[in-house]
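The exercises below ask you to read strand pairing, helix packing and cysteine geometry from a set of coordinates. Work through each task with the structure open, and then compare your reasoning with the solution.

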Amino acid sequence: MRITDIQRCEVRPGRLVEWALSPATVTAAAGLPEDPRPPAYLQESHIRTARTVHEDGLFVPTWIGTAFDIPGKVDLDALQEALRGWTLRHETLRSGFRWEGDEMRRFTLDAEDVSLHREDVGEFPDAGQLVQHLQDRFDAVANALRWPNFLYAAVIRDDATSVYIAFDHSNVDSYSIQRMPAEIHELYTAAVEGRPVEESPVGSYVDFCEIERADADRIDGAHEIVGRWREFIRRCQGKLPNFPVDLGLEPGGDLPRQKLMREMLVDADSAAAFESYCRPFGGSLVGVLAATSLIVHEIGGQPVYRSVVPFHTRVKSKWSNSVGWYVGGAPIEVPMDQAPDLPSALKAVRAELQANRSLARMPLARVLRLLGSDFRPTSPDLYSIVSFVDGRGIPGSERWDELAAYGLVRVSYGDQVCIWLNRLHEGLWFTCRYPDTDIAYKNMRLYIERLRDVILTVARERQLADELARRDLVG
């Protein structure tokens, strides 16, 4: 799925309708007893960070979401039924938190207590005004510091209806939002046709949070995982790593505004050839990280490339179709004097990931708490990321282009660089959120162009080698 922001996802004028959890549902939630299942460490860290940043006087929206079309004239009642059915499928969406002193306590609604309230907002003949309205509404509702913290919207036209959904990040991850178009289309079609949907059980992220936290609470400060993170952070001068190029930031300055870059990096054939070249080393993720290590060394001159690589934590099949924030991070370090070219960088990255990937299963927020250091967050992003996802196997991915399906990120404030590379049927899509400075823009443009050059060079060599091999077989 192409990741972008609300300004660049083909928003067209139309009549806007919104759905939120109903006042009756919110009232029922207010009287609920505590659900003893705790927040995930990742959820707690995210919400505490949002509260800290807000207390420092800055509102930083961090919602993510999806957009997709329903072709033809829409049946609003069927769409509402589909949205409610999808909401009930995923327990985290009827679960929230309230503060008791400095502690977060969970509450969870029963499915029969969940209903949606529909509001016909009205006509928006101007696309720009509609975009601004959607962004303002998502900022206000899909917010870490409130509940409910998600909102459904639809822009209705005669030829197609565009659905826009936003969530506070504590509810969902990238994989969650990429599954939504197909799931909601399936439920909508069934509602229109008046037939039931055969649903296999979906694991609850709330259950996962309890299991993961219980495992994380078994370790202490003497655990090997904590020691490995301690040494990594020490070598990062006591911080978690940012993207190692000059971003034009002033030390101790205010949290900067961010900008978005997004474009198709290479076409499908080039992406396939790059994957083929990198497969003996572990595939495209290893290739992207190896290329990145070389490029940022060329740009910024750092002798060691250090990064925290995101991995999903859906380690059991019951979590595969579950909506939630199933993400952990693994540290890698690539000494550039030992990896001066792509083949050696591929080997170095593969070795680092093999050695450290298991660390992603331990929530980093738990590790930082055990380190006892002052990691009072001042940015919504704890560290920079370079993420690679192959979305071609996700149900419905072959229709993403036809249905104008996008993953949405909110670009607001932050001093980190977040890079997402998504393998689509059409090619390799690049999205980047970065500090809005002239220096950062220049260096991130340079990074994109150099990454494209590396992939295309490898692809041409691979395609030539394959062609020569075919000739030898024929000859």
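Please keep in mind throughout that this is a predicted model.

**Exercise 1. Determine the strand order of the four-stranded open sheet that contains strand 12, and identify the strands at its edges.**

Solution. Step one is to follow the pairing from strand to strand, which gives the order 9-15-14-12 in an open sheet with mixed pairing. Step two is to look for strands with a single partner: strand 9 (258–267) and strand 12 (385–390) each have just one, so one side of each is left without a neighbour in the sheet. Averaged over the sheet and with direction ignored, neighbouring strands are turned by 15° against each other. Step three is to examine one pairing in detail, and here strand 12 runs parallel to strand 14 (residues 418–424), the two being joined by six bridges, with Leu421 of strand 14 as the bridge partner of Phe388. Finally, helix 9 (residues 284–300) lies across strand 12 and strand 14, and its direction makes an angle of about 150° with strand 12.

**Exercise 2. Describe the surroundings of strand 7 (residues 150–156), taking burial and both pairings into account.**

Solution. Begin with burial, for which seven of the seven residues of strand 7 count as buried. Phe150, Tyr152, Ala154 and Ile156 point one way, whereas Leu151, Ala153 and Val155 point the other way, and the residues of both sets are buried. Turn next to the partners: strand 2 (residues 14–21) is joined to strand 7 by five bridges in the antiparallel sense, and Arg15 stands opposite Ile156. Strand 8 (residues 160–167) is likewise antiparallel to strand 7, with seven bridges between them, and Ala166 of strand 8 is the bridge partner of Leu151. The connection from strand 7 to strand 8 is a hairpin through three residues.

**Exercise 3. Classify the packing of helix 11 (residues 364–371) against helix 2 (residues 41–55) and against helix 7 (residues 224–235).**

Solution. Two packed helices are described by the angle between their axes and the distance between the axes. For helix 2 and helix 11, the axes come within 7 Å and cross at roughly 70°, and the two helices are therefore roughly perpendicular to each other. Their contact involves Tyr41, Glu44 and Ser45 on the helix 2 side and Ala365, Arg366 and Arg369 on the helix 11 side. For helix 7 and helix 11, the axes come within 10 Å and cross at roughly 80°, which again makes the pair roughly perpendicular. Here Ile225, Val226, Trp229, Arg230 and Ile233 of helix 7 meet Leu364, Val367, Leu368, Leu370 and Leu371 of helix 11.

**Exercise 4. Check whether the end-to-end span of helix 10 (residues 342–356) agrees with its number of residues, and list its buried positions.**

Solution. Helix 10 has 15 residues, and at 1.5 Å a residue the expected span is 21 Å; the end C-alpha atoms are 21 Å apart, so the two values agree. Its buried residues are Leu342, Ser344, Ala345, Leu346, Val349, Leu353 and Asn356.

**Exercise 5. How many disulfides does the structure hold, and where do Cys9 and Cys418 stand in relation to Cys432?**

Solution. The structure holds zero disulfides. For Cys9, the nearest cysteine sulfur is that of Cys432, 19 Å away, and Cys9 is buried at 3% relative accessibility. For Cys418, the nearest cysteine sulfur is also that of Cys432, 8.1 Å away, and Cys418 is buried with a relative accessible area of 3%.

Note on methods: Residues are numbered from 1 along each chain as its sequence is written. This is a predicted model: local features need pLDDT of at least 70, side-chain atom pairs count only at pLDDT 80 or more; totals for chains, interfaces and linings use all residues. Side-chain values use heavy atoms; hydrogens and water are left out. Two strands pair if DSSP finds at least two bridges between them. Axes are lines fitted to C-alpha atoms, for helices over the stretch in contact, and angles run from 0 to 180 degrees between N-to-C directions. Contact means heavy atoms within 4.5 Å. A disulfide is a pair of cysteine sulfur atoms within 2.5 Å. Buried means under 20% relative accessible area, exposed over 50%, partly exposed in between (1.4 Å probe, protein chains only). The expected span of a helix is 1.5 Å times one less than its number of residues. Angles under 35 degrees count as roughly parallel, over 145 as roughly antiparallel, 65 to 115 as roughly perpendicular and the rest as oblique.
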